[in-house]
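Let's take a friendly walk through this structure together. Have the chain open in your viewer, and we will go from one region to the next.

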Amino acid sequence: MSRGAPADLLSHLERVLPDRCSTRPADLDAAAGDASSLPPSRPDVVVWPLSTDDVVAVVRLAGTHGVPLTARGAGSSLEGNPIPVQGGIVLDCSRMADVVAVRPEDIQVDVQPGVVYASLNRTLRPHGLFFPPSPGGSADVATVGGMVANNASGIYSVKYGGTRDHVRAATVVTGTGEVLRLGNRCRKSASGYHLLGLLVGSEGTLAIATELTLALAGLPVARHRGGVLFPDAIAAARATADLIRFGVDVAAVEFLDARTVAALNRFGGFGLPETPCLLVEVHGSDAGVEETWRTTSDVLGAAGGTPLALDDPWAIREQATRAVAAQRPDAATVRADLAIPIGALPALVEACTRIGAERGVAIHLFGHAGIGILHALILADEAERPAADAARDALVGEALGLGGACSGEHGMGLGNRRYAAREHGGALALMQGVKALFDPRGILNPGKIW
């Protein structure tokens, strides 16, 4: 094995996980990267656990030999979160894909971490339930474990909240191989520190979840979807802030700037007017949806919006990242995953326009505007990369200055860790202390977050 890993580790792994341990080049390459443009890094070996006991055995072997261990789901992360930058073992959880129990009476489900989001919701549909935090364009590949690791959100987070809001309990394996049960099946409790909250969004650096209890929501009786066009991006941002400020019960509010709409038209032939727009959906009873949609239309119309009839706006929205990247297939995608208070949306949109002009880069802006998350994508070749990176730094600086965060849902990973000290200050040392408690040997996904 490479990078100085003990020669006998592979034989131990093969005994623990027979036929589920590989050093084949194709398997190592598949586990080396994610959906970002960050450089891949090959592990020494890939293993596929099927149970908590399997994970415990692998973690203990990694600890004994002092070898890094990186958990992986579908590899759809966008900040290098599962890239094994120090080699070692990749623990691919994609085969831990059982829906353990559906409990309609509790409005909950127990799952293994490798269950794919879209597949889970197909299983839940006959029960009249769904798991709301849709991960957008990766819903057909993203695993629940990966969503929990990165605290993913999505188009319906306006009404239902993000992933953290739906995780009730978890069975986890710490960096010492200890098995813990965090949380409980209650909707609300006041017992002890919220260790489960630490796990969600920790990117596999504290522990590895092997079973998760998720809170669900009932499928809406009725829904209404549509689009609203705006004369400029700032008007669309102001309209979004108004909609949320006035307490209109929308399920989703997604923003697309004109440059992103143009990319979508070229990619998918959608024939949309190439002007900024909001994609909106409301849920409820038949009468409630009608009333809420009327209020939504009134608020957005007063802000300068013009209705655009769309049968399924999400079939368009889920293509946004692919459409932007397809414009220049040989270019890297430099992205900022900006989170800000809802009232700061107009200021951030204005800053994006200014920074793009100052740095000489084309910024594509879209995202979950209803919860104050915007994705800024810049396509750059090697010569353009310094300007793109500088623009990203400036965008993150604007978000932090507005009381926001460097990441709304993609996590810190490799791409955002340079902003950690600036955003968290002295609290960073406390976070590192928490890491040491869960993973004293530092073997779990090293080189991330900080």
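Before we start, one definition will help: a residue counts as buried when its relative accessible area is under 20%. Please also keep in mind that what you see is a predicted model.

Begin with Arg20, which sits in the loop between helix 1 and strand 1. Its relative accessible area is 15%, so Arg20 is buried. What does Arg20 touch, leaving aside its neighbours within four places in sequence? Its contacts are Val46, Val47, Trp48, Pro49, Leu50, Asp54 and Arg95.

From this loop, step back to helix 1, which covers residues 9-16, and look for helix 3, which covers residues 52-65. The axes of these two helices come within 10 Å and cross at roughly 165°. An angle over 145 degrees counts as roughly antiparallel, and helix 1 and helix 3 are therefore roughly antiparallel to each other. Their crossing is right-handed. On the side of helix 1, the contact is made by Leu9, His12, Leu13 and Val16, and on the side of helix 3 by Ala57, Val58, Leu61 and His65. Sorted by class, this contact has six nonpolar residues, two polar ones and no charged ones.

Now turn to the sheet beside helix 3. This is an open sheet of four strands in the order 1-2-4-3, and its pairing is mixed. Which strands form its edges? They are strand 1 (21-22) and strand 3 (69-72), each of which pairs on one side only. Strand 3 runs parallel to strand 4 (residues 89-92), and four bridges pair the two. To find this pairing on screen, look for Arg72, which stands opposite Asp92 in strand 4. Helix 3 packs on this sheet, where it touches strand 2 (45-47), strand 3 and strand 4. The direction of helix 3 makes about 170° with that of strand 4.

Further along the chain there is another sheet to explore. It is an open sheet of seven strands with antiparallel pairing, and the order is 15-12-14-13-17-18-16. Strand 15 (306-308) and strand 16 (332-339) each have a single partner strand, so one side of each is left without a neighbour in the sheet. From one strand to the next, the twist averages 20°. At the end with strand 16, eight bridges pair that strand with strand 18 (residues 373-380) in the antiparallel sense. Here Ala336 stands opposite Ala376 in strand 18.

Strand 13 (residues 252-256) deserves a pause. Five of its five residues are buried, so strand 13 is largely enclosed by the rest of the structure. Both of its faces are covered: Ala252, Glu254 and Leu256 are buried on one side, and Val253 and Phe255 are buried on the other. Which strands pair with strand 13? One is strand 14 (residues 277-284), joined to strand 13 by five bridges and running antiparallel. In that pairing, Leu256 stands opposite Cys277. Another is strand 17 (residues 364-367), which also runs antiparallel to strand 13 and is joined to it by two bridges. There, Phe255 has Gly367 as its bridge partner.

Two helices lie against this seven-stranded sheet. Helix 8 packs on the sheet by touching strand 13 and strand 14, and its direction makes about 170° with that of strand 13. Helix 10 lies across strand 12 (222-229) and strand 14, running at about 155° to strand 14.

These helices also meet each other. Helix 8 (residues 233-245) and helix 10 (residues 286-302) pack at an angle of about 140°, with their axes 9 Å apart. That angle makes helix 8 oblique to helix 10. The crossing is right-handed. Helix 8 brings Ala239, Asp242 and Leu243 to the contact, while helix 10 brings Thr296, Val299 and Leu300. Of these residues, four are nonpolar, one is polar and one is charged.

Our last stop is Lys435, in helix 16 (residues 427-438). Is Lys435 buried or exposed? With 12% relative accessibility, Lys435 counts as buried. Setting aside its neighbours within four places in sequence, Lys435 is in contact with Thr205, Leu206, Pro440, Leu444 and Trp450.

Key:
Residues are numbered from 1 along each chain as its sequence is written. This is a predicted model: local features need pLDDT of at least 70, side-chain atom pairs count only at pLDDT 80 or more; totals for chains, interfaces and linings use all residues. Side-chain values use heavy atoms; hydrogens and water are left out. Axes are lines fitted to C-alpha atoms, for helices over the stretch in contact, and angles run from 0 to 180 degrees between N-to-C directions. Angles under 35 degrees count as roughly parallel, over 145 as roughly antiparallel, 65 to 115 as roughly perpendicular and the rest as oblique. A crossing is left-handed if the near helix is turned anticlockwise from the far one by less than a right angle, and right-handed if clockwise. Contact means heavy atoms within 4.5 Å. Ala, Val, Leu, Ile, Met, Phe, Trp, Tyr, Cys and Pro count as nonpolar, Asp, Glu, Lys and Arg as charged, and the others, Gly among them, as polar. Two strands pair if DSSP finds at least two bridges between them. Buried means under 20% relative accessible area, exposed over 50%, partly exposed in between (1.4 Å probe, protein chains only).
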